[in-house]
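Please open the model in your viewer and keep the selection tool at hand, since this tour moves from one strand to its neighbours and then to the ligand.

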Amino acid sequence: MTNPGFRFAGVGAVLPDTIVTNDDLGKNMDTSDQWIRERTGIGSRRVGGTTSGLAAEAAALAMKRANVGPDDIDQLLLATTSPDYMLPGTAPAVAEILGLDCGAIDIQAACSGWVYGLVMANGLLLQGEERILVVGAETLDRMTDYTDRGTGILFGNGAGAAVVEKDSSGAGELLGWDLGADGKYIKILWAEHAGTMKMDGKEVFRQAVIAIQRSANAALDRAGLTVEDIDFVIPHQANIRIVEAAWKRLGFTMEQTGMRLEETGNTSAASIPLALDKVLDDGRISDGDTVMFIGFGAGMTWATTIVRWSGDDRSAVTS
Ligand code: COA
């Protein structure tokens with residue numbers, strides 16, 4: 001099959017309005033701003049909203065930046081680990097809000113979900129579709145125990161979205177990818193129906209560093225690239241120390257890394273597109289750059305994509 005190319009026509013992201021600072025959390029649990037910042041890199045997180053509402057808002061921004069309407073979207077992939085309902089999925093609700101008339105499906109791969117979605121979107125483009133909406137959206141406040149200082153400090157709400165489309169010019173391309181899962185590790189980070197998240201933080205930390213290293217290397221091998229070929233990396237935003245530990249092993253620098261953890265906390269499937277949106281605002285990625293996205297999380301799951309960047313030109317946006 002001919003390579004369809006892969007272009008980020010538009011990216012958008014939103015955070016709900018209500019901010020919960022580390023000091024706010026300190027009123028209800030034995031913790032402090034200093035401890036949370038030093039051990040995680042998190043300064044605050046957002047709460048409130050619904051998963052479908054945040055997803056639709058982020059997607060509408062991405063569609064506006066891509067200059068496309070509802071009829072131009074061929075499929076909607078929504079990565080979420082905090083759906084509005086147990087049944088049905090949340091993607092049809094998002095499609096309804098946006099006025100889409102296309103397939104709409106949830107991806108539940110925890111914090112790796114949005115990167116899984118990019119790989120699936122590339123597959124759909126290979127099958128002949130023109131344009132896919134890939135959204136990551138979470139309302140993790142509904143599954144977080146704010147009396148447990150082991151988990152209650154980490155998570156937040158938000159959404160990010162990208163319109164990805166064929167790029168016949170050959171400028172943009174998905175160069176390499178890796179998807180993985182290991183169900184041995186379910187009970188290091190999980191939630192029962194209607195329950196809150198339980199976690200073995202130390203083991204999650206250890207396995208996350210291993211997964212990042214393994215997945216990044218597998219995607220590089222598939223692309224026939226090395227770490228030196230990568231211009232920019234956006235990892236899942238869970239804990240700054242996880243990223244630093246993995247980077248020490250891989251050889252990436254923080255200067256080439258997109259982070260938004262300080263103001264968002266861990267927003268699971270939304271974290272990478274939320275960080276990407278800020279990176280584009282700051283003009284840190286340009287056409288032709290080789291960009292890596294690395295997701296990892298509960299399952300365990302992990303996912304990496306390497307793209308030659310083409311698309312969203314933030315400087316052209318006026319409002
Ligand atoms: N505030 C203050 N003190 C805390 C605390 C908090 N929120 N959480 C734990 N502590 C205390 C512990 O009780 C312990 O005290 P002690 O030495 O007197 O026994 C001490 O701080 C160290 O605890 P520890 O559990 O070793 O801390 P840590 O450095 O492992 O950090 C996490 C805990 C949860 C921040 C860290 O393990 C982590 O981030 N893991 C990965 C979690 C993650 O990213 N999950 C999502 C993956 S997608």
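A polar contact is taken here as a pair of N or O atoms within 3.5 Å, a cut-off worth keeping in mind for the ligand stops of this tour through a predicted model.

Begin by selecting strand β4, residues 75–79, where five of the five residues are buried, so the strand is largely enclosed by the rest of the structure. With side chains displayed, Q75, L77 and A79 point one way from β4, while L76 and L78 point the other way, and all are buried.

Next, add strand β5, residues 103–107, which runs parallel to β4 and is joined to it by five bridges; to find the register, pick L77, whose bridge partner in β5 is I105. If you trace the chain from β4 to β5, you pass through helix α4, residues 91–98, in a β-α-β crossover that is right-handed.

Then select strand β6, residues 131–139, which also pairs with β4 in the parallel sense, over five bridges, and here L78 has V135 of β6 as its bridge partner.

Finally, turn to the ligand: which of the 24 residues around it come nearest? They are T31, R39, R149, K202 and N239. Display the side chain of R39, in which an N or O atom is 2.5 Å from an oxygen atom of the ligand, and then T31, which places a polar side-chain atom 2.6 Å from a ligand nitrogen atom. At R241, an N or O atom of the side chain is 3.0 Å from an oxygen atom of the ligand. With a surface switched on, consider that the ligand on its own has 960 Å² of accessible area, of which the protein covers 72%.

Note on methods:
Residues numbered from 1 in each chain as written. Predicted model: local features only at pLDDT ≥ 70, side-chain atom pairs only at ≥ 80, totals over all residues. Heavy atoms only, no water. Buried < 20%, exposed > 50% of the residue type's maximum accessible area, 1.4 Å probe, protein only. Helix = DSSP H or I, 4+ residues; strand = E, 2+ residues; numbered from the N terminus. Pairing = 2+ DSSP bridges. Right-handed = clockwise from strand over helix to strand, strands pointing away. Near = heavy atom within 4 Å. Polar contact = N/O pair within 3.5 Å; in protein donor to acceptor, adjacent residues only side chain to side chain. Areas by Shrake-Rupley, 256 points an atom, 1.4 Å probe, with all protein chains shown as cover.
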